[in-house]
Structures are given as C-alpha cells and as structure tokens.
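Me: I have a model open and want the reasoning behind its labels. Take me through it, please.

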Amino acid sequence: MSAETEKKQLLEQFQSYLEQSRVETVIANEQPDLNTLLTEMVELKTEVKTEARQFKNTLDLLSSALETVQQDNKTLSEKMLEAQQQQDEMKRAMLLEFIEIYDRLSAGATLFQDYRPVKTLFKRSRNKDIKVIKQFQQGQNMSLKRFQQLLQSYQVRVIDCVGQSFDPKRMKVVETATVNKVENAVVLEELLTGFLYKDKVLRLAEVKVNKIY
Amino acid sequence: MNEIIIGIDLGTSNSEVSVVEDGRVTVIADGDKKILPSYVGIDDGGNLIIGDEARNQYLLYPERTVKSIKRLMGQNTQVQLADQSYSPQEISAMILKRLKTIAESYLGQTVSKAVITVPAYFSDAQRQATRQAGEIAGLNVVRMINEPTAAALTYDANQAEQKKLLVYDLGGGTFDVSVVNIEQGVVEVLSSHGNNHLGGDDFDQKIIQYLIDYIQTTYAVDVRLYSKAMARISKAAEQAKFVLSDQPYAQIDEEYLLEHNGVAIHLSVELSRMQYEEMIEDSINLTMDAVHIALKGAKFIASDIDEIVLVGGSTRTPCIRERLLNEFGFEPHDEVDADLCVAMGAAIQAAMINDQQVDKVLVDVTPYTYGTSAIGLLNGESYPFKYEAIIHKNSVLPSRKTDAFVTNQDGQEFVDITIYQGEDLDALNNVKIAEFRVEGLLDVKAGNTILVTLELDLNGILHVSAQEKATGLIKSITVNNALSQAESSSVKAATQRISALFGKLDSSLYEQDKLNNEQQSLHPEIENAQQVITRAENLLDSVSAEDKEDMVTLIEAIQHCIDDEDIVGLNKPVTELNDIIYYVES
C-alpha cells in the first residue's frame, strides 16, 4: 500500500508541479514585455519599409537602365541606317568615277574600230605597223571587257537606247534630227552612255532622237 | 496641335519643299533628290510628268513640255500642253501639287497649308497668280514671303536686334539682289534689282566657247559638228567650273574626243581660275551694278549693310565672294546650302506662323581659318611670313581647298610648308600646327608652281599636301585634332593669366614658363623636341600598350634632357620617339 500511496503522492506532486509551471508560463505569456514587443514591431516595420524602398530603388534603377538601353538601341539603329545610306552614297559616287574612266576606254576602243591600214597604189602601211596597231587594239578591247565585267559585278548595267523608243525616265534628249525613214521618237545615236545601278538610274543616257513632227 | 504647314520654293528652274519638325528644318527629298526641276510635260501615254522626266524630253517634245513657267506668271496668256491650253497658274499648280504629294508621303499625313516664296519684285498680279496656283493644287497659301526674306530667316530666325542684310541670289538662269531689314523676326524688303537672264548657265557657255575656240586653233576642227564630242565638252565645262571653285587650276582631259582624218584627237587643256574669272568678268560686273542700284534704291551705302547672304549655286564662285568682300569689307554668309536656303526659310516662316519652336539651323563649320605663310606684302612692305588663308573661318565642313604658290629663287631645291591656324595677316602671330619640307624640286627658274591643298573633315582631321605642279611630286602630312589645337594652348594661356591675377603662381606653370623662356633662346633642338613630345602625346591614346610604354619612357627621358639643357643627350631619344611616331602614323 505504501508503494501505491507513494506513487499517488509522487503523481500529485508531479501534477501540481506541472500545473504550477504551466500557470507560470501562462502568466509569463499573459504578461509579455509590451515595450520590447512594441520596439520589435517598430523595428520589423522599419525593416519592411527599408526593404520595400530598396526594392523600389532597384526597380527604378532597372527601368531607367532599360530606358537608356532602349534609347541607345534606337540611336544605334538610326546611326546604322545613316551609315548604310552614307555607304550607298559613297558607292554611287565611286561608281560615277568608274563610269568616267569607262567613257574614255570605250571612246578609244570605238575609234580604233575605224582604223584601216593604208592600201593605195603608191602607199602602203608597213605590215609590222599594221600588226602593232591590231595588237594594241586587241589589248584595249581586253581592258575594256575587263572593265565592263567589273561594272557588272557591281550591278551596274548599260542603258540600252539606240534604236529604242525614247524613255524620259532613263534618257535625256540633247539633240534632235529628222530622219524620215525612221519612226518618230526613236533614238538615233547615243551621245553619252547611261547606266543603271541596281535598277535605279546612275547616270542618264544622253541621246540624239528622231523628230519628224 | 496645329495643322502642319509646309514651305515651298517655287523657282524658275528648280523647286523644293521643306518642313520644320521638332525644331529642325528638313528639305524633303523625292527618293534621293531634294530638287525638283520646274518642268511639266505629257508623256507618250498621255500622262502628266513633272520634274526630271519632263526636262529629259523637252527638246523632243517642246509642244508638250513647259519650262520656266514662272516667267509668265501674272500674265494673261495661255500655254500649249499637248493640244490643250493652260494658264500659267495651272501649270504652276501641277508643280505645287507634286511637291504637296512628296511632302505628304514623307510626313505620312495630308497637307493642306503652305507658305510659298516669290521674288521680291513680283507685282500684285504675279502674287495673285501664285496664290491661285496654290489653291488649284489644293493648298491654302497661308502666306507668301519674298525669297530674300526666306533666305534671311535661315540665318536669323529669332533675331532680336535690328540688322540690314544684302541678299545676293545668283541661280542657274536669273540674278536677284535685295536689301532687307530684319528685326524681331520681321523682315522687310527695302529694295531689289536683278537680271532675268543672267546665271550660272552663262558661265558654262563661256567655258564651252573657250574649248571650241581652243580646238579650232589647235586642230583646225569645228567641234560643233560632232554631237558626241559636244556632249562631252558640255559636261567637262560644267565640271571644270565646279573644280575652279576649290582649286586654282582645272585640267580638262577628254581623250579620244573625236576622229579627224582617221586620227584620234585628244583634248588636254588647263584652265586657270584667273582665265575663268576673266571670262565671266562682264557678268559679275553686271551683278555688282545691280547691287549698287539696289543699295541706292534703299538709300544706303555699302557700310550700312551688316551682313550679306548668298543664295543660289552659282555663288560658290570665289570671285563673287572676293568682289563682295572688297565692296563691303566683310565675308558674306554661305554656311546654309545656297541651293536650299530659300525653301528652308519658307518652312521656318511656316513654323513661326504655327507657333512652333524653330532651332537655329545647325551647320558644321570650322571656327578657325587655316592657311600657310608666304612672301607677300604686309602693310605695303615685303614680308616673308604673310599669312595666306586657304580654308576660311565659317566654311562648311568637310572642306577641301587648294591654293597656288611659287618658288622665289632660281633653282630652288626645296620649300618649307608651314600650316597655321588663325586670322592674323602676320602668320607668325597665328598658331603653328604643322610643318614639313618638300625636297627634290625641279632645277628651274623662280616661279615654279607649288599647289598647297588643305582638307579638313568633320572629325577635325586636317590633311595637308604640297604638290609641285610641273612634275606631280607630292608630299603630305596629317594633323589630328586640328580643330582643337588652339584650344589647348589658349586654355594654358588663360590659366596662366587667371593664376597671375590671383597672385598664385602654380609651381608647374612656373616651370612651364621657364620652358617657354628657354624656347625663345637659341635652342631649336629643344623646340623640335617639344614638338615631338606634343605629337607623341596626341597619339598616346591610339597606340598599343607596349608602344605607349616605350613612348612614355622616351618622353620622360627627353623631358629630363630639356630640363638639364642637355642638347647632346636629346638627340638619341628624340630620334627614337620620331621613329615610333612614324611607324604608328603610317
């Protein structure tokens, strides 16, 4: 019996201990340190505010950086467009200079075509001279051909006009003549070669056109 | 938001349209052409063609092409265009309508209002006709302004103080001069005069005639009989005219010009600016007479004029600028494109009517004059360092000008070319920015021509070249930062002045002073070394790291030698530094 009583006593002691400590903790909980609590709350609030502000700053920074990048992008693409246009202009200017040289090379080649050796009764061109001239002519023609190929590689084409009907978009009338056998407004002679660059007029052809009425 | 108003220059030979956007003036291009020839025509299909196309067909179809309709505006007459009669207003309306379309396609919206320019001497009838033309084209002409007014506006849209301007307008076919008073943005034409049949086209003709005469004398050939040759000569004459605006000699080379008696004839002749100016002297005199009549009409004398504005491509001829400089004592304005400034002015007026903000027309110009020194007259006495300006202050960039000089000794073997920046007639008072020597000249009598060319671009890089005209022997040099050369030395000078004012002499400046004093003593080696250091420093940013290290070491060594006045020790590091510079620059 004493063991049971002892057990009961111990249990009661234990229970009362538990209740006491529970009450203590409850009391402790029911009466928290308001000051500390308030301070902690305020600190928490400040921290949240600071964090929020930092977030906002970072977002602002990012959005202004984005704006700058977008602006730069816009400026760069404008500059690139400008540069492309400049490049095109420079190309056109250079091609016009090429054409000047082509004019002269082809003028020379054309004149050569009319060469005929002297063959009269008392005067003859020396065979050697004839050969020299023919070889030179051939050489000139080769240079001219190379030049034509160069122009073609740059997408420059000659404007075809002799025998064609006059086209004011590609040709300019600088002289007229009257040839009754030919139809009106047909190009009789090309006085200056015209060229197209990528299908746009690089230089107008200057032509002599038939004018009957 | 006010409706857009465009500005239109409706000219005798050419027309343009422009608009102000975001404060900036733009002349609107049709494709890549900002200038529309004032030609109207009907093509084979019966369609209306305006501009280049109409001009191209004019000789073939004069009965269905109309040009220079402006000369008939205000007259009670009709013109024929393919069996139909039109009044001058209707023809002008076709041109205006085309310009309207060009503007609309650029702006992406319809346009119904415009400011159109007219000559100052246009009568009421002529102005009324122009207004009608606008109406027919579907444009409400909110205002018509005088052409000289428009030109003046491009230079001084927001002018507050009062100014008296002379507007000198020399185009392809007409010449007009006006005296104009501008104040608070209000422009009043006080007088005007002109010549309806005088222009750059006449100048071309003079050169063409010269070439025809030359070929006749030299080859006994009448080149007028050869169409192809004439086409080439006309082109060559126009090109030579352009070249002579920038260079003192134009070489006209037309090989294989024609065939005569089975033999090829080449044209190779040089036209000097002096010869050309002689040819056009009469025409220029006519324009100056008109200028005097206009001044008289406004009751002014030359000194009353504050500024001169140049309009029209033909004003690029240098002798016109010189004549005006002689008469009025100052340089005329030509910074704004002479072909487009009237159209731009019309757009500026349009913007002002719309209460739009207009920024000053920005043009990249050089703020300084660049030239070389030569033996010449200064204050009536012979002086070996007279400044000869080659690129004038306020020239539009990029600019490339050549001037001719001659050797002054028989058998002169070399010539030293020194390039200065500044305005003083005594070259030594200007800032020296480059110097080099051309050796190996021909052993000939004095008078050997040397051509000096200066080319200045937007980045401030100045190319200088000197060429012996007879042989083509050429030497050139490049100056970087030409536009800011004077700035660094003037900043130094300014710093010194201000420090002196404050009584504080910075020890570094004091040393600099010492160095400057030493320069004036007889140590050309030190001066040379200083120059080499400056050049090296300019290049420091653009060299590799190793080169930079080497250069810096050498610069320090040289500086030590200068401080110690060790002339002998200078030689080696200076030569080494020069070598590095030479390798880097090439």
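Me: How do helix α13 (residues 545–563) and helix α14 (residues 567–585) of chain B cross, and how close do their axes come?
Reply: This is a predicted model. The axes of α13(B) and α14(B) come within 9 Å and cross at roughly 150 degrees.

Me: What makes α13(B) and α14(B) roughly antiparallel to each other?
Reply: The cut-off is an angle over 145 degrees. The crossing angle is roughly 150 degrees. Therefore α13(B) and α14(B) count as roughly antiparallel. Their crossing is left-handed.

Me: Which residues of α13(B) and α14(B) meet?
Reply: From α13(B) come B:D547, B:D550, B:M551, B:L554, B:A557, B:I558 and B:C561. They meet B:G569, B:L570, B:P573, B:V574, B:E576, B:L577, B:I580 and B:V584 of α14(B). By class, the contact has eleven nonpolar residues, one polar and three charged. Gly counts as polar, and Asp and Glu count as charged.

Me: Now the sheet. Why are β19 (381–391) and β22 (431–439) of chain B called edge strands?
Reply: The strand order is β19-β18-β21-β22 in chain B, in an open sheet with antiparallel pairing. β19 and β22 each pair on one side only, and they are the edge strands. From one strand to the next, the twist averages 40 degrees.

Me: How do you know that β21 (residues 414–421) and β22 of chain B pair?
Reply: Pairing needs at least two bridges. β21(B) and β22(B) have eight, in the antiparallel sense. So the two strands count as paired. One example is B:D416, whose bridge partner in β22(B) is B:R437.

Me: Which domains does the assignment give for chain B?
Reply: Domain 1 covers 5–138 + 339–353, domain 2 covers 157–332, domain 3 covers 370–482 and domain 4 covers 505–585.

Me: What links domain 2 and domain 3 of chain B?
Reply: Their C-alpha centres lie 26 Å apart. Domain 2 brings four residues to the contact and domain 3 brings six. On the domain 2 side, one residue is nonpolar, one is polar and two are charged.

Me: How many residues does each chain bring to the contact of chains A and B?
Reply: Chain A gives 23 and chain B gives 15. In chain A, α2 (34–113), β2 (171–177), β3 (187–192) and β6 (205–210) each supply at least two. β2(A) gives the most, with six residues. The chain A side has twelve nonpolar, two polar and nine charged residues.

Methods: Residues numbered from 1 in each chain as written. Chains lettered and ligands numbered in written order. Predicted model: local features only at pLDDT ≥ 70, side-chain atom pairs only at ≥ 80, totals over all residues. Helix = DSSP H or I, 4+ residues; strand = E, 2+ residues; numbered from the N terminus. Axes fitted to C-alpha atoms, helices over the stretch in contact; angles between N-to-C directions. Parallel < 35°, antiparallel > 145°, perpendicular 65-115°, else oblique. Left-handed = near helix turned anticlockwise from the far one by under 90°. Contact = placed C-beta atoms within 7 Å. Domains from an automatic or database assignment.
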